[in-house]
Every structure is written in structure tokens, then in C-alpha cells.
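Open the model in your viewer and keep the sequence panel visible. The stops below can be selected one after another.

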Amino acid sequence: MLKVFSYQHPFELENGQTLAEFELTYNTLGQLNAEGSNVIWICHALTANAHPEEWWPGLFDKKNEIDLDRYFVVCANILGSCYGSTSPQSINPETNEIYGLNFPKFSIRDIAKTLNLLSKDLGISEIQYLMGGSMGGMQAMEWAIQKPDKIKNLVLLATSAKHSSWGIALNETQRMAIESDSTFYEKNKTAGKKGLEAARAIALLSYRNYNTYRSTQIDKKNTVDDFRASSYQKYQGEKLSKRFDAKSYWYLSKAMDSHNVGRNRGNCKKALAKVKAKTLVIGIQSDLLFPVEEQKFLAERIGYSALEIIDSSYGHDGFLIEVETIKLILRKHFKL
Ligand SMILES: CC(=O)SCCNC(=O)CCNC(=O)[C@H](O)C(C)(C)COP(=O)(O)OP(=O)(O)OC[C@H]1O[C@@H](n2cnc3c(N)ncnc32)[C@H](O)[C@@H]1OP(=O)(O)O
Ligand SMILES: N[C@@H](CCO)C(=O)O
């Protein structure tokens, strides 16, 4: 059952704009101990929700070896996402109208601040394990830099210290697809649906790779049109547009682009040096979106860190799919 954190105070964003208030939906598993210190906190990626048992099956559900009775597991739907938290689809309390594209842009740094406000409201004094993949890893590292004494162990998967020009170009291309859908500017629930489908199809090319398509999208030998790869792209686009909102996608991709831990902190090296958590950085060998050199960059600059590279053919989405390997790596480094 989703819970709701309602922050009824003005929240200043990094860009100087202010949200009059915001809400985050979140899920918890287990019980918080008296000290508020037995916490596993999961930060979700771009299109995920606050149910890690759905998108990280086997890692955070009852079947898993992680003794969920020992921990209080928290996962919040991030600001701007469409799974219940304040987003472009929310009503602006100052106008009583749907925000739509009047919603302010926000950064990964802002998202991390909202998560910390929720953790304070929950009475959490320290987080034993803070974990996140991709955009979730961006949030987790920002939080560990902002609150270095609060985060004891940090797990960063398939992520980077600063979103690369390659990643920004991919996001901009996806936003171009969304913006080319004239319905995107409407305020109804399906605004930008076709544009979002095209954006997802573009994104998928960065989440997978040549080998994953070669091995799964095989056509009969005399095929001349209507290839399986074509129907797969259309299917994945439709699959996302059934559960996600184009404006949320647009804003969250902008937040990803904003990610740079070194901004106004000197540089990434100085920023990462603030992390006190024991850190495990996990990369996916075939990741085209967040190449392993970005995880090596993180591990080399975070004081107390280890690096593990998973030899997976899945590409970037391997951080969601290679759960059995991730579990082994977690057990190797932590007493989880
Ligand atoms: C319920 C929720 O998802 S809520 C939020 C959670 N979601 C997220 O976090 C997003 C991250 N998760 C993901 O992106 C996915 O779960 C992944 C990456 C882990 C796996 O992606 P999936 O789409 O499940 O698997 P995959 O990419 O292998 O595609 C298989 C699907 O494509 C279909 N498919 C495969 N080839 C084709 C084709 N040529 N034409 C049409 N459909 C095809 C399969 O039938 C299968 O359909 P399904 O959706 O009924 O399972
Ligand atoms: N494919 C996942 C990860 C993207 O980084 C998602 O849609 O959230």
C-alpha cells in the first residue's frame, strides 16, 4: 500500500524556482528500529516506481535472501514521476490548475533533497544501504555527498558522476520525438503518447545492443518487411506509454541531464571525496549508455570503494536483469 509524504512548505529548487509544496509516494517493507538506523533505501531509475519488487524481482522481495526482517526497506517515487508523487500532472496549489509544462525543471540534487526530507519525516537517523541504478545511482550519490554521515554503505550501479554528452544527446533526441507530437502540449492524460513511444524506442537502443537484438529479434529467412525488430520497438513504445506520462518523461530526462556532482563543488573529484560511505560500484561490461569507464571514474575517486564489472550481454538494462549476479556481488562485499 503506497504511503504519501506531504511536505507542506515552500521547497526551493537548485534553479532558484520554488515548489509551494510537494508530495512523494513511497513504499516500506519491515520495521524501523528504535534508533532509526536499520534502513535499506532504494532509488529507482527513470521509468520505475516505488515497487522494487516489480522491477528488481528477486532482489527486494520475500523470496530473496536479504533478511528483510532485519531491515526497514524504503523506496520512494521520485519528484516529477507519474506514480503518485508531485509531477507535471499534479495540481499547482497556487493556481488550482494542472501544472503541465508550467512545472518547474528540477535537478538530481533537488530529488536527493526531497528524499532526505522524507527520511527525516520517517525518523531515519542513518541509512545502512543506499542503492540505485542509472538515474537512481545519480540520486544515491548526490544524497551521499549532501549527507555523508547519514549514508553508511552505498551501492551505485550503471551510473556516472556527470551525465555524459552522449547521454544528453540521447535524451535530447528523445525529447525531440516527444516535442514533435503536437498533443504533448495538451493537458490530458494521453498528451504526447505517440511521441513518448518513439522516445522509448530510441532509449531502448541505448539500453540494449547489437547482440541482444541479434539473439531475440530473429526473422524468417525470406522476410522483406514487418521485421521482428520493428514490432519489438513499437511494442516497447506502447508498453511504456500505457504506464508512463510523456511530461514526466520529458522532465525526468532533463533532470538526468542536470546530473553533475561537481557543479558548484569545484569538480567531480572534490565532490566525490566528500562521500564517507563504504561504496560498491557495479558496471555492466556491454553498457552503451553508462560505459564502464564511468564506473571506474567513480570508484577511483570515492575514498572507500570497490568496483565490480558484470560481464553481461544485456547492456545498460543488465543492472535490472542480472539480479542473481548482483546478489552474489552484494553478498561478497556486504553482510546483507
Ligand atoms: C510494471 C512496471 O514495469 S512498473 C515500473 C517498473 N519498470 C521499470 O523499472 C522499468 C525498468 N524495467 C524494464 O525496462 C524492464 O522490466 C526490463 C528492461 C527489466 C525488461 O524489459 P522487458 O520488456 O520486460 O523484457 P524484454 O525487453 O526482453 O521484452 C520482452 C517483451 O517484449 C515482447 N517482445 C519481444 N519481441 C517482440 C517483438 N518482436 N514484437 C513484439 N513484442 C515482442 C515479449 O513478448 C515480452 O513481452 P512482455 O512485455 O509481455 O513480457
Ligand atoms: N530501462 C530502465 C532503466 C533506464 O535507465 C527504465 O526504463 O527505467
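The tour of this predicted model goes from one helix to aromatic pairs and then to charges over rings.

Select residues 165-179, helix α4. At 1.5 Å a residue, its 15 residues should span 21 Å, and the end C-alpha atoms lie 20 Å apart, which agrees. Now colour G167, L170, N171, Q174, R175, A177 and I178, the buried residues of α4. Viewed down the helix axis, these fall within an arc of 155°, so they line one face of α4. To see what that face packs against, add α5 (193-207) and α8 (246-258).

Next come the aromatic rings, where 19 pairs are counted. Start with F5 and F22, an edge-to-face pair with centres 6.0 Å apart and 70° between the planes. F5 is in strand β1 (residues 3-7) and F22 in strand β4 (residues 22-29), 17 residues apart. Both rings belong to buried residues.

Move to F103 and Y251, also an edge-to-face pair: 5.6 Å centre to centre, with the planes at 90°. F103 sits in the loop between β8 (97-98) and α2 (108-121), while Y251 is in helix α8, so the pair ties together parts 148 residues apart in sequence. F103 has 3% relative accessibility and therefore counts as buried; Y251, at 3%, counts as buried too. Widen the selection to Y99, F103, F106, W250 and Y251, a cluster linked by ring pairs.

Finish with two charges. K247 lies over the face of F184, 5.4 Å from the ring centre. At R301, the charged end sits over the ring of F297, 3.6 Å from its centre.

Conventions: Residues are numbered from 1 along each chain as its sequence is written. Chains are lettered from A and ligands numbered from 1 in the order in which they are written. This is a predicted model: local features need pLDDT of at least 70, side-chain atom pairs count only at pLDDT 80 or more; totals for chains, interfaces and linings use all residues. Side-chain values use heavy atoms; hydrogens and water are left out. Helices (H or I, at least four residues) and strands (E, at least two) are DSSP runs, numbered from the N terminus. The expected span of a helix is 1.5 Å times one less than its number of residues. Buried means under 20% relative accessible area, exposed over 50%, partly exposed in between (1.4 Å probe, protein chains only). The arc is that of the directions from the helix axis to the C-beta atoms. Contact means heavy atoms within 4.5 Å. Rings of Phe, Tyr and Trp (its six-membered ring) pair if their centres lie within 6.5 Å; planes under 30 degrees apart count as stacked, over 60 as edge-to-face and the rest as tilted. A charge sits over a ring if NZ of Lys or CZ of Arg is within 6 Å of the ring centre and within 35 degrees of the ring normal.
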